[in-house]
Amino acid sequence: MLLEEQRFLHEDLERLEQGIADRIGDEPKHIRDRLARDHQIAQFLDRISSQSAKLLSIYRDADGSRSREIQQIGTGDPMEEFYKQVADIKGFHARYPNEPVENLERAYRPKKGPDAESQPSIVDTMFTGEEAFGRFFDLHTCHELYLNLPNVKRLSYLQYLDSFDNFTPGAGGLKRSEKMTDQYFTYVGQLSLDLETFMRKTRPLENVDKVVADFDKEFEAAWEQDEVADWKTEEPNGKSSGATKETSTVEAVWCDDCEREFKNENVYKGHLSGKKHVRAAAERAKKLQDASGEGAGTSNGAAKGGISTNRLKERAIAEREFRVKRLASAMSTERSDTRVNVERKQGMTERERQQELENLFNATTTTLHPKDVEDGEDNDDEDRIYNPLKLPLAWDGKPIPFWLYKLHGLGVEFPCEICGNFVYMGRRAFDKHFNEARHIYGLKCLGITNTSLFRDITGIDEALRLWEKIQKDKRKDKVDDGSVVQMEDAEGNVMPEKVYYDLQKQGLL
């Protein structure tokens, strides 16, 4: 019955395509429903891939069974073959009388009304309460693992959200020698796994495997060329094979043993006799000696020129750090939203937090148990939000509290003439817009290139006057070559070179 299986696969593919088209045409309002729709589409796409592979194997007909079945139907008495297949079908149903028949049209149709209530959503058990259906990160577990690391800078959860992908020693990260522990390897691996899992849950229609493979390929190329920051190969003389460490200022000096920056040469020389530097230098020398010993032992063996065990550990840790950086940059929007959400929750009372959880639960149960269409039409006036003060809406679709509206000054208007008389509501939005593309584009249209000096300036005339003054000051401060060289006449009078030659031409000297 290969032909019947082939027909069934074609029908299944068409039903799956129709089911995907029906879901794409509908755009749910709640983020939970959007994620559930995307995960359903991802499951349909996986089924399309598996069913297409089965159909392709049937068309290839490696064992010739499909050709034999077509030949049996095409030769001899067609009615005899027909009744034979009918007898086989009756025999199958006689052996399995309770075999259910799958209705493909109903299986792939979007569930609405009572059918939607009977089946739980895919995303209900996928996210934690802190993640809010994929809107925010939940890195509390990774933050606890980070705080348990030895010799680490103590950071609050809000500070950790800003710097969890910054592994340099000065930004809260550990030194290179302190990273070679199982505890740090577990922490970095857990952080990378959490970020990758979060991306898979929130972006089901993206090929996350390909994204991660591209990150690994990029890391492989950088590692082969020894261009991975903070993980360059160290020579036996104690210097890195790559370029010297960049410092924040010209006078600053970097110490490779302590992995720390010092303000100037004198401070650097003063710390050389300290106990911390002596201990760090001894540990680094011992590590380099062990690495060179392992390298020499490997080169004398069968695998000549092999990589030391210490370098393999460094590569595994560096790979996870690199992946964390790339995943964090790919999900920068969720990261900034998480920071704002944590700041907002820190300013809320316990009663307000409980009220927010209740609102979230009510919104979820409302989407889980929708009312009938007739009831919705009768209760339109009841569902309408009462907002006489025209307050901005929060994430749950309800107006924000009036005290929060007054606290952030959202009722104050800040017009900006440079942005085309656009009005910003609240001081926060007004301060933020100076670094946005609209304001920068308006300044460039006025011929202003250095936009960092024009913060809090919204008028076109004021900006042009300030730019003209800056240009005048630059021309005034420009060094004249003639005023640098000084000349002296026979009487001992000192004057600029230009004035000296002018007086000499006039015969006054």
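## Two helices that cross: α9 and α13

Let's start with a crossing: α9 and α13 cross in a left-handed way. Keep in mind that you're looking at a predicted model. Two packed helices are described by the angle between their axes and the distance between the axes. For α9 and α13, that angle is about 35 degrees, and the axes sit 9 Å apart.

Who does the touching? On the α9 side, the contact is made by Y184, F185, V188, G189, L191, S192, L195, E196 and M199. Facing them from α13 are A316, I317, R320, E321, R323, V324, L327 and A330. Sort the residues of this contact by class and you get eleven nonpolar, two polar and four charged.

## A second partner for α13: α10

Helix α13 covers residues 309-330, and it also packs with α10, residues 208-224. Here the angle is about 130 degrees, with the axes 10 Å apart. That makes α10 oblique to α13. The crossing of these two helices is right-handed.

From α10, the residues in contact are V212, F215, D216, E218, F219, E220 and W223. They meet R311, E314, R315, A318, E319, F322, R323, R326 and L327 of α13. What's the mix of classes in the contact of α10 with α13? It has seven nonpolar residues, no polar ones and nine charged ones.

## Rings that pair up

Now for the aromatic side chains: the structure holds 15 aromatic pairs. One of them is Y184 with Y187, whose ring centres are 6.0 Å apart. Their planes are at 50 degrees, so this pair counts as tilted. Both tyrosines belong to helix α9, residues 182-202, and because they are three residues apart there, about one helical turn separates them. Are they buried or exposed? Y184 is buried, and Y187 is buried too.

For another pair, look at F430 and F434, with ring centres 5.0 Å apart. Their planes are at 75 degrees, so this one is edge-to-face. F430 has 6% relative accessibility and therefore counts as buried. F434 also counts as buried, because its relative accessibility is 6%.

## A cluster of rings

Y184 and Y187 are part of something with more members: together with Y146, Y160 and F164 they form one aromatic cluster. You've already met Y184 in another role, as one of the α9 residues in the contact with α13.

How values were computed:
Residues numbered from 1 in each chain as written. Predicted model: local features only at pLDDT ≥ 70, side-chain atom pairs only at ≥ 80, totals over all residues. Heavy atoms only, no water. Axes fitted to C-alpha atoms, helices over the stretch in contact; angles between N-to-C directions. Helix = DSSP H or I, 4+ residues; strand = E, 2+ residues; numbered from the N terminus. Parallel < 35°, antiparallel > 145°, perpendicular 65-115°, else oblique. Left-handed = near helix turned anticlockwise from the far one by under 90°. Contact = heavy atoms within 4.5 Å. Nonpolar A, V, L, I, M, F, W, Y, C, P; charged D, E, K, R; others polar. Phe/Tyr/Trp six-rings, centres within 6.5 Å; stacked < 30°, edge-to-face > 60°. Buried < 20%, exposed > 50% of the residue type's maximum accessible area, 1.4 Å probe, protein only.
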